[in-house]
Amino acid sequence: MMHSIATMTKTPGAKEAKGGTAASQLIDARIKSLGDWRGAMLARLRRLIKEADPGVVEEVKWRKPSNPLGVPVWEHAGIICTGETYKAAVKLTFARGASLADPSRLFTSSLDGNVRRAIDFHEGEKVNEKALKDLVRAAADLNLSKAAKTAPAGARSKARKSQKA
């Protein structure tokens with residue numbers, strides 16, 4: 001009996017999802033499966049997130065039979081944001097959005113919550129790329145500052161040194 005061995009090239013900054021598939025491949029599959037403006041928008045937002053924070057790690061969470069490709073998640077010392085697709089919108093939900101300054105008023109959803117904030121993107125809308133990148137960087141910085149505060153003393157000094165580099 002012959003067994004075939006599948007090889008997979010891991011993308012830097014991508015974790016392996018449950019089942020052995022790299023998260024980046026599942027996100028690629030999600031984008032391709034949409035096949036409309038939502039796929040193009042999700043791909044664009046993904047690119048902007050990665051440009052804003054080259055250290056971001058892609059993850060896929062909440063996979064289930066009704067959503068086998070799961071939800072794209074971007075992390076850096078914690079969740080920065082998730083990317084969900086709906087019939088009329090692509091939504092980026094920032095895990096700690098309520099703690100972020102939003103001078104460009106990008107947040108359009110979950111405004112009453114104490115923790116999360118979200119941005120709904122609709123077909124044909126322009127994306128304020130600079131402001132979105134600023135939010136992503138601020139979210140990563142917030143995660144890093146929280147991680148440094150909860151880390152043991154030796155790890156805190158290492159975290160500060162790595163932020164300066």
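Residues are termed buried when their relative accessible area is under 20%. By this criterion, the buried residues of helix H3 in the predicted model are Ala131, Leu132, Lys133, Leu135, Val136, Ala139, Ala140, Leu142, Asn143 and Ala148. Helix H3 comprises 22 residues, spanning positions 129–150. The distance from its first C-alpha to its last is 32 Å, close to the 32 Å expected at 1.5 Å a residue.

Helix H3 packs with helix H2, which is formed by residues 37–52. The angle between the two helices is about 55°, and their axes lie 9 Å apart. The arrangement of H2 relative to H3 is therefore oblique, and the crossing of the two helices is right-handed. On the H2 side, the contact is made by Arg44, Leu45, Arg47, Leu48, Ile49, Glu51 and Ala52; H3 contributes Glu129, Leu132, Lys133, Val136 and Arg137. Classification of the residues in this contact gives six nonpolar, six charged and no polar residues. Among the H3 contact residues, Leu132, Lys133 and Val136 also belong to the buried set of that helix.

Positive phi values occur at two non-glycine positions, Trp62 and Arg105. Tryptophan 62 has a phi of about 60° and is located in the loop between strand E1 (57–61) and strand E2 (71–75). For arginine 105, phi is about 55°, and the residue is placed in the loop between strand E4 (90–94) and strand E5 (117–121). Arginine 105 counts as exposed because its relative accessibility is 70%, the threshold for this class being over 50%.

Terms used: Residues are numbered from 1 along each chain as its sequence is written. This is a predicted model: local features need pLDDT of at least 70, side-chain atom pairs count only at pLDDT 80 or more; totals for chains, interfaces and linings use all residues. Side-chain values use heavy atoms; hydrogens and water are left out. Helices (H or I, at least four residues) and strands (E, at least two) are DSSP runs, numbered from the N terminus. The expected span of a helix is 1.5 Å times one less than its number of residues. Buried means under 20% relative accessible area, exposed over 50%, partly exposed in between (1.4 Å probe, protein chains only). Axes are lines fitted to C-alpha atoms, for helices over the stretch in contact, and angles run from 0 to 180 degrees between N-to-C directions. Angles under 35 degrees count as roughly parallel, over 145 as roughly antiparallel, 65 to 115 as roughly perpendicular and the rest as oblique. A crossing is left-handed if the near helix is turned anticlockwise from the far one by less than a right angle, and right-handed if clockwise. Contact means heavy atoms within 4.5 Å. Ala, Val, Leu, Ile, Met, Phe, Trp, Tyr, Cys and Pro count as nonpolar, Asp, Glu, Lys and Arg as charged, and the others, Gly among them, as polar.
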